[in-house]
Amino acid sequence: MSKEELKDYFEILEVSPDASVLEIKNAYLRLKKLYSSDPTVIAPIAEEFPKMRRRQILKEIEEAYSKIRAFLDNEQNQIFADEEPAVSKDLPEEEKTEGISFSGPVLKQIREKLGIQLHEVALETKIRVENLENIESEKFDALPPEPYLKGHLKIYANSLLLDPKKVAADYLERYKEWKGDYSNEWKKDS
Amino acid sequence: MERLKREREGEIWAVGGGKGGTGKTFITSCMGSYLAQKGKSVVLIDVDIGGANLHSFFGISRPAKSLTNFFENGSPLQELAVKTGIDNMQLITGDVYSLASDSIKFTQKLKLFRHIMKLNTQYVLVDLGAGSHNNTLDTFLMADKMIAVLVPEMIAVENMYHFIKNALFRKVRMSLRAYGFKEIVEHVWEKRERYKVRNIRELIDWLRNSFSYIGDILDKELASFKIYLILNKVRSPEDIFIGASMKSALLKYLGIDIDFVGYIEYDDSVWRSIRNQQPFMLYYSSSRCTEEIEDFTENLIQGKEIRLLRA
């Protein structure tokens with residue numbers, strides 16, 4: 001399915017086809033909440049329509065989101081496929097990501113491909129832009145202590161629709177490697 | 001009238017929205033000030049039935065001449081315009097009787113619209129009163145940009161739906177009038193139970209399905225039915241989303257695509273400027289509200305919407 005074919009679904013979620021993953025997710029959550037519970041704006045107009053209409057709207061919203069989400073997940077896997085040509089195309093989609101390690105540059109690349117700006121992630125996650133930049137550029141010495149870093153990584157991964165556990169584990173492995181080298185060097189020096 | 005519209009260089013903006021006290025007059029005065037400060041020529045017209053008071057937002061006294069002189073003595077509109085104290089901007093005021101329910105005839109109203117369209121200015125901003133009276137709706141529908149002002153309260157939301165539905169119904173009726181369908185529209189709506197029509201959306205669909213050639217006319221006419229929403233007296237981030245929710249509900253239930261152009265935060269300085277009869281944009285030029293007003297006026301000029309990032 002191409003983006004063009006998803007046009008109607010983007011319309012249902014009231015976002016442009018260029019919207020970032022974050023915008024799409026926010027729109028979905030907002031509309032779902034609006035049509036399932038809003039008494040101020042929806043109730044006055046919904047009253048003159050049959051109840052079926054409201055249920056239908058909610059159904060359309062769910063469908064639109066799942067279709068767009070499936071498309072984006074697939075696009076993400078495509079990014080991995082470009083990145084690691086060694087991974088066999090015959091593998092089922094889920095396993096394709098297994099061989100990839102989520103380094104800072106990989107996270108950055110995924111974010112950029114998804115058209116999300118750093119400040120948008122910052123708004124959503126409440127993680128400061130500098131911290132996100134440091135994570136992406138693997139400026140390990142500027143990162144917060146490990147427990148905090150782990151939390152940040154998970155939240156960040158979530159906002160990119162990635163598996164938080166896998167991202168945190170991969171990244172922390174690299175981080176620990178660096179930390180090990182660093183402390184060894186330090187020991188040598190002293 | 002369509003032809004006249006095309007001949008004009010300037011734009012007519014009408015500010016309405018159903019409920020009283022939402023800030024229509026305040027917003028009209030501020031948008032006018034901003035446009036004038038940008039060097040545009042602006043004429044404000046106050047047609048508020050209940051109480052024309054736009055002049056007091058500039059600290060000037062009630063103009064001696066009003067639209068009554070236009071209706072009764074045939075004075076040209078341009079002669080009724082008075083200075084507002086802000087360069088490039090003039091004001092024409094209505095009065096209690098000028099557009100009251102039955103005091104002016106349909107032909108008089110059309111004459112007023114024709115003369116408004118011929119005013120030699122870049123922008124005409126019309127401040128409508130509260131309510132959904134036909135004269136108010138027709139003035140609203142005449143404009144190039146129909147601007148609706150809402151406050152984030154349930155009653156205001158209900159009034160807004162009422163206003164928009166009435167405006168749409170009026171638009172459909174008047175559009176089809178030229179094709180001899182006005183009576184059919186009214187008949188179907190009156191006997192809507194028999195025709196299984198429950199709301200304005202279903203009425204439009206019924207007309208479309210029953211008379212295929214009406215479809216094109218309706219599509220064309222309704223394409224120009226564009227409302228721009230401004231939210232006033234916003235007190236929380238959640239309030240702002242009432243604008244987005246309104247947009248969604250109107251689209252999904254009525255098939256009307258409105259543009260949410262911006263909002264103004266609740267601020268005591270607004271109340272203070274009105275009480276002291278000080279032009280807000282001049283006296284509070286560094287206020288956050290001033291910035292917000294400038295933002296949505298720019299959005300209106302450029303036909304853009306406000307961009308909301310968060311859920």
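I took helices to be DSSP runs of H or I with at least four residues, numbered from the N terminus. The model I am reading is predicted, and I keep that in mind for every entry below.

**Chain A, overall.** On that definition I went through chain A from the N terminus and found its elements to run α-α-α-α-α-α-α-α-α-α, which I entered as ten helices and zero strands. I then looked up burial and noted that buried residues make up 24% of the 190 residues in chain A. For the contacts in chain A with a separation of 6 or more, I recorded that 52% are accounted for by residues 24 or more positions apart.

**Domains of chain A.** I found chain A divided into domain 1 (4-83) and domain 2 (102-189), and I noted 29 Å between the centres of these two domains of chain A, taken over C-alpha atoms. Where they meet, seven residues of domain 1 of chain A are in contact with eleven residues of domain 2 of chain A. On the domain 1 side of this contact, helix 2 and helix 4 (51-83) of chain A each supply at least two residues, and the largest share, three residues, comes from helix 4 of chain A. Sorting that side of domain 1 by class, I counted four nonpolar, two polar and one charged residues.

**Helix 2 of chain A.** I checked the length of this helix, residues 21-37, against expectation: at 1.5 Å a residue its 17 residues should span 24 Å, and because its end C-alpha atoms are 24 Å apart, I entered the two as agreeing. I next looked up its burial and found helix 2 of chain A mostly covered, with twelve of its 17 residues buried. The buried set includes Glu23(A), Lys25(A) and Arg30(A), along with Ile24(A), Ala27(A), Tyr28(A) and Leu31(A).

**Contact between the chains.** I recorded 18 residues of chain A in contact with 17 residues of chain B. On the side of chain A that touches chain B, helix 2, helix 3 (42-46) and helix 7 (118-125) of chain A each supply at least two residues, while helix 2 of chain A gives the most, with six residues. I divided the residues of that side of chain A into ten nonpolar, two polar and six charged.

**Strand 1 of chain B.** Turning to chain B, I looked up strand 1 (residues 11-16) and found it mostly covered, since five of its six residues are buried. Strand 1 of chain B runs parallel to strand 5 (residues 123-127) of chain B, and five bridges join the two; in that pairing, I noted Val124(B) as the bridge partner of Ile12(B). Strand 1 of chain B also pairs in the parallel sense with strand 6 (residues 145-150) of chain B, over four bridges, and there Gly16(B) stands opposite Ala148(B).

**Nonpolar cores.** In the largest nonpolar core, of 110 residues, I found that Leu13(A), Ala14(B), Val126(B), Leu150(B) and Leu229(B) touch the most other members. Helix 7 (residues 154-177) of chain B contributes the largest share of this core, ten residues. I followed Leu13(A) further and, leaving out residues up to four places away in sequence, listed its contacts as Ile24(A), Ala27(A), Tyr28(A), Leu31(A), Ile61(A), Ala64(A) and Tyr65(A). Apart from the largest core I noted another, of 16 residues, among them Val106(A), Ile127(A), Ala157(A) and Tyr175(A).

Notes. Residues numbered from 1 in each chain as written. Chains lettered and ligands numbered in written order. Predicted model: local features only at pLDDT ≥ 70, side-chain atom pairs only at ≥ 80, totals over all residues. Buried ≥ 20, exposed ≤ 12 C-beta atoms within 10 Å, placed from the backbone. Pairing = 2+ DSSP bridges. Expected span 1.5 Å × (residues − 1). Contact = placed C-beta atoms within 7 Å. Nonpolar A, V, L, I, M, F, W, Y, C, P; charged D, E, K, R; others polar. Domains from an automatic or database assignment. Core = buried A, V, L, I, M, F, W, Y, C linked by C-beta atoms within 7 Å.
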